[in-house]
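Student: Could you walk me through this model? I would like to start from one residue and work outwards.

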Amino acid sequence: MIKPKVRVVLANSLSRQYTGGETKFEVEASRVRDILRALEDLFPGIREHLEEETAVSIDGMIYDDAYLQEVNASTEVFFIPKLDAG
């Protein structure tokens, strides 16, 4: 099964730490978990940081736990730092 290319945007702090400053990517994915796998393949170590320290915005809707959310070629996914409610 061919997965669509999904637009992914990372927060600047993540891009500096893991991607050499790149913030925008296109990866093949049908769910957010596929995006996490693809980014981990490209940038080892990033997945744990994304899972624990970011929320996910899918087309403007923010999710704390988006692991199984479906995405498609028209979807734009942002990984943003979680707000500290403490």
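**From one serine to the whole sheet**

Tutor: This is a predicted model, and a convenient starting point is Ser-57, which, once its neighbours within four places in sequence are set aside, is in contact with Ile-62, Glu-76, Val-77 and Phe-78.

Student: Which strand does Ser-57 lie in?

Tutor: Ser-57 belongs to strand S3, which covers residues 54-58.

Student: And is Ser-57 buried or exposed?

Tutor: Ser-57 counts as buried, because its relative accessibility is 9% and the cut-off for buried is under 20%.

Student: What does the side chain of Ser-57 reach?

Tutor: The Ser-57 side chain reaches the backbone nitrogen of Gly-60, at 3.5 Å.

Student: How far apart are Ser-57 and Arg-33?

Tutor: In sequence, Ser-57 and Arg-33 are separated by 24 residues, and in space their C-alpha atoms are 14 Å apart.

Student: Moving to the sheet, what is the strand order?

Tutor: The five strands form an open sheet in the order S2-S1-S5-S3-S4, and the pairing is mixed. At the edges are strand S2 (24-28) and strand S4 (61-63), each of which pairs on one side only. On average, neighbouring strands of this sheet are turned by 30 degrees against each other, with direction ignored.

Student: How do S3 and S5 pair, parallel or antiparallel?

Tutor: S3 and S5 pair in the antiparallel sense, over five bridges. Within S5, Ile-80 is the bridge partner of Ala-55.

Student: And how many bridges join S1 to S5?

Tutor: Strand S1 (residues 5-10) and strand S5 (residues 76-81) run parallel and are joined by four bridges. Val-77 in S5 stands opposite Val-8, while Phe-78, also in S5, is the bridge partner of Val-9. Val-77 and Phe-78 were both named earlier among the contacts of Ser-57.

Student: Where do the helices sit?

Tutor: Helix H2, residues 32-42, lies across S1, S2, S3 and S5, and runs at about 115 degrees to S2. Helix H3, residues 46-53, packs on the sheet and touches S1, S3 and S5, its direction making about 85 degrees with that of S3.

Student: Which residues of the largest nonpolar core touch the most other members?

Tutor: That core has 21 residues, and those touching the most other members are Leu-10, Ile-35, Leu-39, Leu-50, Val-71, Val-77 and Phe-79. At least two core residues come from each of S1, S2, H2, H3, S3 and S5, and H2 gives the most, with five residues.

Student: Is there a general background to that kind of grouping, and what is it?

Tutor: In soluble globular proteins, nonpolar side chains tend to be buried together.

Student: Changing topic, how many salt bridges are there in the whole structure?

Tutor: A search of the whole structure gives four salt bridges. One of them joins the side chains of Asp-34 and Lys-3, with an N to O distance of 3.4 Å. Asp-34 is in helix H2 and Lys-3 in the segment before S1, so this pair ties together parts that are 31 residues apart in sequence.

Student: Are Asp-34 and Lys-3 buried or exposed?

Tutor: Asp-34 is buried, its relative accessible area being 7%, whereas Lys-3 is partly exposed, with 30%.

Student: With which other residue does Asp-34 form a salt bridge?

Tutor: Asp-34 also forms a salt bridge with Arg-37, where the closest N and O atoms are 3.4 Å apart. Both residues lie in helix H2, three residues apart, which is about one turn of the helix. Arg-37 counts as partly exposed, at 39% relative accessibility. Lys-3, Asp-34 and Arg-37 are thus linked in a network of salt bridges.

Student: What about Glu-70, which residue does it form a salt bridge with?

Tutor: Glu-70 forms a salt bridge with Arg-31, and the closest N and O atoms are 3.4 Å apart. Glu-70 is in the loop between S4 and S5 and Arg-31 in the loop between S2 and H2, so that the pair links distant parts of the chain, 39 residues apart. Glu-70 counts as exposed, at 59% relative accessibility, while Arg-31 is partly exposed, with a relative accessible area of 25%.

Technical notes
Residues are numbered from 1 along each chain as its sequence is written. This is a predicted model: local features need pLDDT of at least 70, side-chain atom pairs count only at pLDDT 80 or more; totals for chains, interfaces and linings use all residues. Side-chain values use heavy atoms; hydrogens and water are left out. Buried means under 20% relative accessible area, exposed over 50%, partly exposed in between (1.4 Å probe, protein chains only). Contact means heavy atoms within 4.5 Å. A polar contact is a pair of N or O atoms within 3.5 Å; within protein, one must be able to donate a hydrogen and the other to accept it, and residues adjacent in sequence count only if both atoms are side-chain atoms. Two strands pair if DSSP finds at least two bridges between them. Axes are lines fitted to C-alpha atoms, for helices over the stretch in contact, and angles run from 0 to 180 degrees between N-to-C directions. A nonpolar core is a set of buried Ala, Val, Leu, Ile, Met, Phe, Trp, Tyr and Cys residues joined through side-chain atoms within 4.5 Å.
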